Amino acid sequence: MRRHLLAGVLGGALLLGGAAGCGIPDHTEVRVEGSGPAAEAGSVSGVRGEPPNRSASSEKEQFVKNFLSAAAGEPDRAYQRVRQFIAPEDRDRLQVKEGSEVALTVVRLTEEPVIVNAPDNRTEVTLKVQQVGQLRADGTLAPPETSTTAYSFELRNPPGQEGRVDAGLFVANPPNVLLLSVDALEAYYQSRTIYFWTSDRTRLVPDQRYLPLAVPDERLVSEVVKWLTAGPSLWLRSGVTGLPDGTRLINNATRTDGRWEVDLEMPDEKVRLEQFATQLAWSLDDVDGPLEIKIRTQPRKDIPDLEAHRQAHPVYRIGDGFQRFCVYEGAVHPLADAAGTIAAVPVAPEVNRNVVTAGLSRADDQILAALVVTDAGRQWLSVGTGRDPVAVFTRSAKGYGTIGRPVWLRSTAGGAPAGLVVADGVLYRFDARAQLTPVSLGVPGRVTAVAASLEGHRIAVIAGGALHVAALSANEGGVTLGPARRLPTRLTDLSAVDWYGEDKLILAGKSGRPAVYEVSVDGARDSRVEDKIGARVTHLAAYPANTEVPRGAAMYEANGVAYSSAPFERIQPEQVQVSPPSPGTRAGNPTAPFFLY
């Protein structure tokens, strides 16, 4: 069973090869807003994870960091905590909001705070920032509401104690928003994944939320249920469905002798109730033991053991791990894994020629194969489906100057195979007959890369030089994308992206020099994975961590050379399963590595 790691463990993990790599977070908890906690007999609720108060430091640099953490914690006390930092005469500058209107302006510092001593015992502070988003009371991180790139304020001693080092500090002329740094988000919150059913209720789609560490454990189940009844994050709503209108939690969830009870106001429909039980079990993936669901105090669904329920109702069915492939000498070839095991090429030899890049996927007992091939100075998409090995392919009606790596959608209408590909700067949907249909993204600029999530209902796209995510709905007429959400990132010159977990992407670009970063699905958290590359990454593929496999893996190509993680090392020609070259023939480099799963 997948577990969430506590916040603060995200950055710096190494990617591993094979079925290992940088993992998804392992263990988190959640918070509830409501009339108060429902505690188990004998439990004690203590305050934890509270940010430092105003008097915690008089050292200016640390005081500024503490000020950027002050809003963290329970939303209903955010203004109170921040106002303690502000000079009494300036506190009315901060307009207080309540309830669901409370939102924290999450920012990433683009450089160290500039702190300058000024006349009259004042200290001027300037913050250069990147806007990340609005952290709302329901735990969602919404897109930014401003494009402000700098904030300024002053530091002062209390009246009559000017110039005294031990007198403490106040913020004067403060910003009119509740600022929260991404470092504080990392330190005082936990990231949690909850799930919503697709519109046809065949698959669960992950949705990311944030929980203050200050929230006591006994409010866990109540908070998750309230998140689920409130519905999905705004950017996901076009691709998933919420609970029936009017569904709400009656009082808070209770726990007695290790058994949780949840009482709901919702339609008493057996199918919906069964689906909600699975949705709730996975959204509470760090809770074990029995749970009972009631409707208006009447018992309706008993889950004897949450872990057993999750095992019986898996989120994903993806088989046993992955196999690694690459393009070598114009054909798809397998790469040996750590144990030296070699997979068979699922494409017949007579069609495995003139390949530039490829995307392969498993669908039950079928192989879905999409090859980008060269012919007459153009690139064409060649698509075939069937049992291994696939021998019959259909070529696209026209050729293009450049076609990117094709990706298959793991959830399509009516079971008809379909995928996405970028050709000459345009995003297309393709089908099993290699028919390409433009897909409207609603974002200006050329599209240069696309990646599809493991469940098949979210995509990541690099368009107009920026990173975006969007929800996807499959229908008989093709695919429909919801509004694209732009994600902030420290990288520039973005070149490649793939999904690296349920709530994480792996992204190639520049951070002064070419680099590969791990980025959260909302852009709030990022960490360097590899920056000893030396050339622009032109191809990137990953196997995403998931509920069954807690670690992911990645491979990339730069300057015509392929690399595999664990840590990143060059993929040598001898790792490619292919007949040895003729005497006197120089072996080429493996290129365009990808995963089959």
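A residue counts as partly exposed when its relative accessible area lies between the buried range, under 20%, and the exposed range, over 50%. Asp302, at 37% relative accessibility, is therefore partly exposed, and the same vocabulary of burial will serve for the other residues discussed here.

The structure is a predicted model, with a pLDDT that averages 89 over the protein and reaches at least 70 in 88% of the residues. Residues 1-46 need separate treatment, since pLDDT stays under 50 there, although the model has 160 contacts beyond four places in sequence for this stretch. Where pLDDT is low, the predicted coordinates should not be read in detail.

Taken as a whole, the protein holds six helices and 39 strands, and 57% of its 597 residues are buried. Its accessible surface comes to about 24,700 Å², with 46% of that belonging to carbon and sulfur atoms. Among contacts between residues at least 6 apart in sequence, 58% join residues that are at least 24 apart.

The charged side chains can be followed next, beginning with Asp302. A search of the whole structure finds 31 salt bridges, and one of them joins Asp302 to Arg259, with the closest N and O atoms 2.2 Å apart. This pair links distant parts of the chain, for Arg259 belongs to strand β13 (residues 259-265) and Asp302 to strand β15 (residues 298-303), 43 residues apart. Arg259, with a relative accessible area of 27%, is likewise partly exposed.

A salt bridge also forms between Glu74 and Arg219, whose closest N and O atoms are 2.9 Å apart. Glu74 lies in the loop between α1 (60-67) and α2 (78-83), while Arg219 lies in the loop between β9 (204-212) and α4 (220-230), so the bridge ties together parts that are 145 residues apart in sequence. Glu74 is buried, with a relative accessible area of 12%, and Arg219, at 11%, counts as buried too.

In the salt bridge between Asp288 and Arg310, the closest N and O atoms are 2.9 Å apart. Asp288 lies in the loop between α5 (270-283) and β14 (291-295) and Arg310 in helix α6 (residues 306-312), so this pair ties together parts that are 22 residues apart. Asp288 is partly exposed at 37% relative accessibility, whereas Arg310 is buried at 1%. Elsewhere, salt bridges that share partners join Glu89, Arg122, Glu124, Glu154 and Arg156 into one network.

Aromatic side chains add further links, and the search finds 11 aromatic pairs. The rings of Phe325 and Phe594 have centres 5.8 Å apart and planes at 15°, so they are stacked. Phe325 lies in strand β16 (residues 323-328) and Phe594 in strand β39 (residues 591-596), so the pair ties together parts that are 269 residues apart in sequence. Phe325 is buried, with a relative accessible area of 0%, and Phe594 is buried as well, at 1%. Tyr556 and Phe568, with ring centres 5.0 Å apart and planes at 65°, form an edge-to-face pair, and both residues are buried. Ring pairs also link Phe63, Phe67, Phe85 and Phe153 into a cluster.

Finally, Gly456 lies in the loop between β26 (447-452) and β27 (458-463), where it is buried at 1% relative accessibility. Its C-alpha atom is separated by 5.1 Å from that of Leu409, 47 residues apart along the chain. Leaving aside neighbours within four places in sequence, Gly456 is in contact with Leu409, Arg410, Ser411 and Leu472.

How values were computed: Residues numbered from 1 in each chain as written. Predicted model: local features only at pLDDT ≥ 70, side-chain atom pairs only at ≥ 80, totals over all residues. Heavy atoms only, no water. Helix = DSSP H or I, 4+ residues; strand = E, 2+ residues; numbered from the N terminus. Buried < 20%, exposed > 50% of the residue type's maximum accessible area, 1.4 Å probe, protein only. Contact = heavy atoms within 4.5 Å. pLDDT = per-residue confidence, 0-100. Phe/Tyr/Trp six-rings, centres within 6.5 Å; stacked < 30°, edge-to-face > 60°. Areas by Shrake-Rupley, 256 points an atom, 1.4 Å probe, with all protein chains shown as cover. Salt bridge = Lys/Arg side-chain N within 4 Å of Asp/Glu carboxyl O.
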